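Biologist: I am new to this structure, and I would like a close look at a single part, taken slowly and with every term explained. Please begin with the pairing of the strands and go on from there.

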Amino acid sequence: LWIKTSIGNLYPNLYVVLVGPPGVGKTLMTSQVRNFLYTLTDEKDQNAFHLAAASETHASLVDSLKDATRRYIPPDMGEIQNYNALTLVSNELGVLLPEYDPAMMSKLTDLYDGYPYSERRRGNNINFTIPSPTINMIAATTPSFLVDTLPEGAWDQGFLSRSMLAFSAETMYRDLFTDIKFQDVLVRELGEDLRRIFALYGKMSFTDEAVSAI
């Protein structure tokens, strides 16, 4: 999906990081997200939803994206479109980024914009290009991890400027032994929504009112 702007195509990639102290429910939320997205995966279907491993190095991340191929066949039997789409879900940002890694930060920044990505690795004759990369991420972390891990200069660099940090310190206390009951109909409908969203392809547009507001 893309929007045409004055500086080229804009792709709706999202880097979302839930930030809060321990015990506010961040991991519960990311775990539910991963469970929902996992229902879209199918190891037998190469065109299915691609979910990255919880822990990725900057090299394996690119390899995972390279393997996350998607093919869109237009209903009018027009030209087949090929692209690569990968989603990362990390219950702990510290697992994905155990320490400040400029290479990983730069890689995520570069891939976010959706421009063609190419790489050549010495020694093993690996040379490839990903013409249309799409990458989305949701992770959870604590304020102290961000402060202790990211140097001061990283806060105004590309990765964080592309990330949406959602903070809450509110703790919701529940009975530890009370069952959490999900509405089966709602769960099923949410899953169907995800499948429909995942099948979308094409150019998006704003109404005139939305353009004026922006």
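Modeller: Strand β1, which covers residues 2-5, is joined to β10 by two bridges, and these two strands run parallel. One of the contacts can be followed by residue, since I3 has M204 in β10 as its bridge partner. This is a predicted model, in which local features need pLDDT of at least 70 and side-chain atom pairs count only at pLDDT 80 or more, while totals for chains, interfaces and linings use all residues. Residues are numbered from 1 along each chain as its sequence is written, and side-chain values use heavy atoms, with hydrogens and water left out. The element names come from DSSP runs numbered from the N terminus, helices being H or I of at least four residues and strands E of at least two.

β1 and β10 belong to an open sheet of three strands, whose order is β2-β1-β10 and whose pairing is mixed (a pair needs at least two DSSP bridges). At the edges of this sheet lie β2 (8-10) and β10 (203-204), each of which pairs on one side only.

From the sheet we can turn to the open spaces. A pocket here is an open set of points on a 1 Å grid over the protein atoms alone, with protein on both sides within 12 Å along at least five of seven lines, and its lining residues have an atom within 4 Å of a point. The largest pocket holds about 1,000 Å³ of space (the volume filled by probe spheres of 1.4 Å set on the points, which are joined across faces, edges and corners). Its lining comprises 34 residues, and those nearest the centre of this pocket are P12, T87, T134, N136 and I197. Two or more residues of the lining come from each of α1 (26-38), β5 (81-90), β8 (133-141) and α7 (184-198). Of these elements, β5 gives the most to the lining of the largest pocket, namely seven residues.

The second largest pocket has a volume of about 680 Å³. It is lined by 27 residues, and G25, L28, M29, Q32 and R174 are the closest to its centre. The elements that contribute two or more residues to this second lining are β3 (15-19), α1, β9 (163-167) and α7. Here α1 gives the most, with seven residues. Reading the two linings side by side, α1 and α7 each give two or more residues to the largest pocket and also to the second largest pocket.

Helix α7 leads on to the charged pairs. The structure holds three salt bridges, a salt bridge being a side-chain nitrogen of Lys or Arg within 4 Å of a carboxyl oxygen of Asp or Glu. One of them joins R196 to E192, whose closest N and O atoms are 3.5 Å apart. Because R196 and E192 are four residues apart in α7, about one helical turn separates them. R196 counts as exposed at 56% relative accessibility (exposed means over 50% relative accessible area, buried under 20% and partly exposed in between, with a 1.4 Å probe and protein chains only). Its partner E192 is partly exposed, with a relative accessible area of 35%.

A further salt bridge is formed by the side chains of E119 and K107, at 3.4 Å from N to O. E119 belongs to strand β6 (residues 117-121) and K107 to helix α4 (residues 102-112), so this pair ties together parts that are twelve residues apart in sequence. Both E119 and K107 are buried.

The side chains of D113 and R162 also meet in a salt bridge, at 3.1 Å from N to O. D113 sits in the loop between α4 and β6, and R162 in the loop between α6 (158-161) and β9, so the parts tied together by this pair are 49 residues apart in sequence. D113 is partly exposed, with a relative accessible area of 24%, and R162 is likewise partly exposed, with a value of 23%.

One more helix is worth tracing in the view. In α2, which spans residues 58-67, L61, V62 and L65 are buried. Seen down the axis of α2, these buried residues fall within an arc of 95 degrees (taken from the directions from the helix axis to the C-beta atoms), so they line one face of the helix.
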